Amino acid sequence: MCEEPDYCFYIENWEAMPSAGYANAGKDRINWGVDPSPDLVVEIDITSYTDVNDYLPYGVPEVWLFKKNQLVIYRLQGDRYTVEISSRYFPNINVSEVVTESLKIAYERNTSAAIRELRQKLASDN
């Protein structure tokens, strides 16, 4: 059975969640046998090891795996995950670059500055 992801999001299938469409709202854990699979899973490996293939049986369309200060985007293609350079859910954003920039700002200044600049960047891109 799959471990609970660090973060998960229902994007295309938000209406299928019994929690009124909010990603994991009101739920402590995903019931993998009952709930629909999330559209996007984010795993941050600092002290543990995640194998992207753990999500194959659940058909999670996209998995972001962050380890060793690098983000790798995996997309489900048939019966396997392939490494991609962009997200299917955020095609106009270089997610890896944004994560790297945000982490650098957080390290050099603080988390609040990183979040503030990220919000400004995303707002200006729209």
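The chain holds two helices and five strands. Along the sequence they follow the pattern β-β-β-β-β-α-α. The model is predicted. Of the 126 residues in the chain, 36% are buried. The structure also holds five salt bridges, and its largest pocket has about 750 Å³ of space.

**Strands and pairing**

- Strand 2 spans residues 40-45. Five of its six residues are buried, so strand 2 is largely enclosed by the rest of the structure.
- Strand 1, residues 7-9, pairs with strand 2 in the antiparallel sense. Three bridges make up this pairing.
- Within the pairing of these two strands, C8 has V41 of strand 2 as its bridge partner.
- Strand 3, residues 62-67, runs parallel to strand 2. Six bridges join the two.
- On the strand 3 side, W64 stands opposite V42.
- In a regular strand, side chains alternate between the two faces of the sheet.

**Largest pocket**

- The lining of the largest pocket counts 22 residues. Closest to the pocket centre are V42, W64, V98, V99 and L118.
- V42 and W64 are thus named twice: they stand opposite each other in the strand pairing, and they are among the residues closest to the pocket centre.
- Five elements each supply at least two lining residues: strand 1, strand 2, strand 3, helix 1 (95-108) and helix 2 (111-125).
- Helix 1 gives the largest share of the lining, with six residues.

**Nonpolar surface patch**

- Y7, F9, I11, I44, I46 and F90 make a nonpolar surface patch of about 560 Å².
- I46, one of these patch residues, sits in the loop between strand 2 and strand 3.
- I46 has a relative accessible area of 72%. The cut-off for exposed is over 50%, so I46 counts as exposed.

**Salt bridge R88–E12**

- R88 and E12 meet through their side chains in a salt bridge, at 3.2 Å from N to O.
- This pair links distant parts of the chain, 76 residues apart. R88 lies in the loop between strand 5 (80-84) and helix 1. E12 lies in the loop between strand 1 and strand 2.
- R88 is partly exposed, at 38% relative accessibility.

**Salt bridge K104–E108 and the E62–R75–E84 network**

- K104 and E108 form a salt bridge, with their closest N and O atoms 4.0 Å apart.
- Both residues lie in helix 1. They are four residues apart, about one turn of the helix.
- E108 is exposed, at 52% relative accessibility.
- Elsewhere, E62, R75 and E84 are joined into one network by salt bridges that share partners.
- In this network, the side chains of R75 and E84 meet at 3.8 Å, N to O.
- R75 is buried, at 17% relative accessibility. Its partner E84 is partly exposed, with a relative accessible area of 24%.
- The cut-off for buried is under 20%. R75 at 17% falls under it, so R75 counts as buried.

**Loops and backbone**

- K68 and N69 both have positive phi values: near 55 degrees for K68, and about 55 degrees for N69. K68 is a residue other than glycine, and N69 is not a glycine either.
- K68 is in the loop between strand 3 and strand 4. N69 lies in the loop between strand 3 and strand 4 as well.
- K68 is exposed, at 79% relative accessibility. N69 is exposed too, with a relative accessible area of 66%.
- D79 lies in the loop between strand 4 (70-77) and strand 5. At 65% relative accessibility, D79 is exposed.
- D79 and N53 are 26 residues apart in sequence. In space, their C-alpha atoms are 9.8 Å apart.

Methods. Residues numbered from 1 in each chain as written. Predicted model: local features only at pLDDT ≥ 70, side-chain atom pairs only at ≥ 80, totals over all residues. Heavy atoms only, no water. Buried < 20%, exposed > 50% of the residue type's maximum accessible area, 1.4 Å probe, protein only. Pairing = 2+ DSSP bridges. Patch = residues over 30% accessible without salt bridge, like charges linked within 9 Å, V, L, I, M, F, W, Y side chains within 5 Å. Areas by Shrake-Rupley, 256 points an atom, 1.4 Å probe, with all protein chains shown as cover. 1 Å grid on protein atoms, 1.4 Å probe; cavity = no way out; pocket = protein on both sides within 12 Å on 5 of 7 lines; lining within 4 Å. Points joined across faces, edges and corners; volume = space filled by probe spheres on them.
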